[in-house]
Amino acid sequence: MVKIARWNHDGGTQSGFVSDGACHPLPAGQDVQALLDAGLEETLAIARRTIGSGAAVPLAGVQLLAPLAPATIRDFVAFEEHVEGVRKSIDGVAGVVPEWYEAPTFYFTNPHTVTGTGEVIGIPAGCVDLDFETEVAAVVGRVPGSDGRNLDADAAHRHIFGYTVLNDWSARDLQRREMKVSLGPCKGKDFANTLGPWIVTADEFEDRHDAEGFLSISMSVEVNGKQIGQDLLSNMGWPFAELVAYASQDSVVRPGDVLGSGTCGSGCLAELWGRNGAQTPPALKTGDVVLMTVEGIGSIQNTVGSRREALTRVPARTRPRNRVAAAAPSGI
């Protein structure tokens, strides 16, 4: 199994491969983005040359970082069960809108606030209802001869370099207000995303795809050691290849792009709030520990930090809707 990671060790940041409990660094000047730009086949060859060829560092002695600095993050909403429960929680309405079934839907989130496993995630200002979202993310790599535009599903499948675990942290009370404006979410989402613990290359999953391209691997989440939810990645409404292909239509996917699956069924608190008709289990609080595990990839774990105390909302001014600018005052 080829695992690609970034880590801190002795005050420095390194990139490379994790194998048999050890971290094998890339040569100086190379990083994960260089591997994504090289593509999957070349990366597998680099891994064969690198693992065991130089000084390794014990995995237990490093701090894992997010495995890449994403160019972009598109986060889909591909699980019907999740949509059903969250719609009840956010909008108070049962069922799934017909438009969900017509095509995949995603939003762009913030690549600059990505965190790694083990990091403390602070509660954003004004948030009371902090939540997690249990997801798998596909990472895009280079395919020789492809510009990443207008891909069909077969071509898109070849662009999937590997997979990692994604926690799309969510401030649900901020999100509820934002979604009433029919745009967003924005501040309800952009404060943190966790990726990790590493990227497992896509070749490791080739024999696990079913005839339609779905991956039947287990996803689960615990809070303070108690399991909250569990699902199969194959319960997505679309396989990842179709999500990547859709993202590329009249657009482009590039090496380093990250595409999230969206939250699996029972993979967040808001979905359970909608189904239970109450905030049970409760929203996350300072000190809570969230552990997500995906079969064949690994686990990420984060502790919830303190809330930032600040007033960040800026109310709009009521304006007169003039169509002609007022005349400037005459000179003296």
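This is a short talk on the sheets, pockets and a few backbone details of one structure, and the model is a predicted one.

I'll begin with the mixed sheet. Five strands make it up, it is open, and the order across it is β9-β19-β18-β15-β16. The pairing in this sheet is mixed. The edge positions go to β9, residues 120–123, and β16, residues 226–232; each has a single partner strand, so one side of each has no neighbour in the sheet. From one strand to the next, the twist averages 20°.

At the β9 edge, the partner is β19, residues 298–307, and the two run parallel, joined by 3 bridges. One residue pair to look at there is Ile123, whose bridge partner in β19 is Arg307.

Toward the other edge, take Ser220, which sits in β15, residues 218–223. Is Ser220 buried or exposed? Its relative accessible area is 15%, and the cut-off for buried is under 20%, so Ser220 counts as buried. Beyond its neighbours within four places in sequence, Ser220 is in contact with Thr134, Gln227, Gly229, Gln230, Leu291, Met292 and Thr293. Of the elements concerned, β16 spans 226–232, and β18 spans 289–294.

Between β15 and β16 there is a loop, and Asn224 is in it. Asn224 is not a glycine, yet its phi is positive, near 55°. With a relative accessible area of 47%, Asn224 is partly exposed.

Now the N-terminal strands. β2, residues 12–19, and β3, residues 22–25, pair antiparallel over 4 bridges. Val18 is opposite Cys23 of β3. The two strands form a hairpin with 2 residues between them, and in the turn Asp20 has a positive phi of about 50°. β3 also pairs with β4, residues 57–58, again in the antiparallel sense, over 2 bridges. Here Cys23 is opposite Val57 in β4. As a reminder, strands of a sheet pair through backbone hydrogen bonds, either parallel or antiparallel.

On to the pockets. The largest pocket has a volume of about 790 Å³. It is lined by 28 residues, and the closest to its centre are Val77, Val86, Thr105, Gln175 and Met179. Which elements supply at least two residues each to this lining? They are β6 (73–76), α3 (80–91), α4 (98–102), β7 (106–109) and α6 (172–179). The most comes from α3, with 6 residues. Sorted by class, the lining has 12 nonpolar, 7 polar and 9 charged residues.

The second largest pocket holds about 380 Å³ of space. Its lining has 20 residues, and Ala125, Leu174, Glu178, Lys187 and Thr312 lie nearest the centre. At least two lining residues come from each of β9 and α6, and α6 gives the most, with 3. By class, this lining divides into 10 nonpolar, 4 polar and 6 charged residues.

So α6 deserves a slide of its own. This helix supplies at least two residues to the lining of the largest pocket, and also at least two to that of the second largest. Which residues of α6 are buried? They are Arg172, Asp173, Leu174, Gln175 and Glu178. Among them, Gln175 is one of the residues closest to the centre of the largest pocket, while Leu174 and Glu178 are among those nearest the centre of the second largest. The buried residues of α6 pack against α3, β10 (130–131), β13 (170–171) and α8 (269–276).

A few backbone points before I stop. Gly184 and Pro185 are joined by a cis peptide bond, with omega about 5°. Pro185 lies in the loop that runs between α6 and β14, residues 193–201. Another cis bond goes from Thr280 to Pro281, with omega near -5°. Pro281 is in the loop between α8 and β18.

Asn150 also has a positive phi, about 50°, and is not a glycine. Asn150 is in the loop between β11 (134–140) and α5 (153–159), and at 47% relative accessibility it counts as partly exposed.

Last, the segment after β19, where Ala327 is found. Ala327 counts as exposed, at 73% relative accessibility. From Ala327 to Asn193 is 134 residues in sequence and 49 Å in space, C-alpha to C-alpha.

Notes
Residues numbered from 1 in each chain as written. Predicted model: local features only at pLDDT ≥ 70, side-chain atom pairs only at ≥ 80, totals over all residues. Heavy atoms only, no water. Pairing = 2+ DSSP bridges. Axes fitted to C-alpha atoms, helices over the stretch in contact; angles between N-to-C directions. 1 Å grid on protein atoms, 1.4 Å probe; cavity = no way out; pocket = protein on both sides within 12 Å on 5 of 7 lines; lining within 4 Å. Points joined across faces, edges and corners; volume = space filled by probe spheres on them. Nonpolar A, V, L, I, M, F, W, Y, C, P; charged D, E, K, R; others polar. Buried < 20%, exposed > 50% of the residue type's maximum accessible area, 1.4 Å probe, protein only. Contact = heavy atoms within 4.5 Å.
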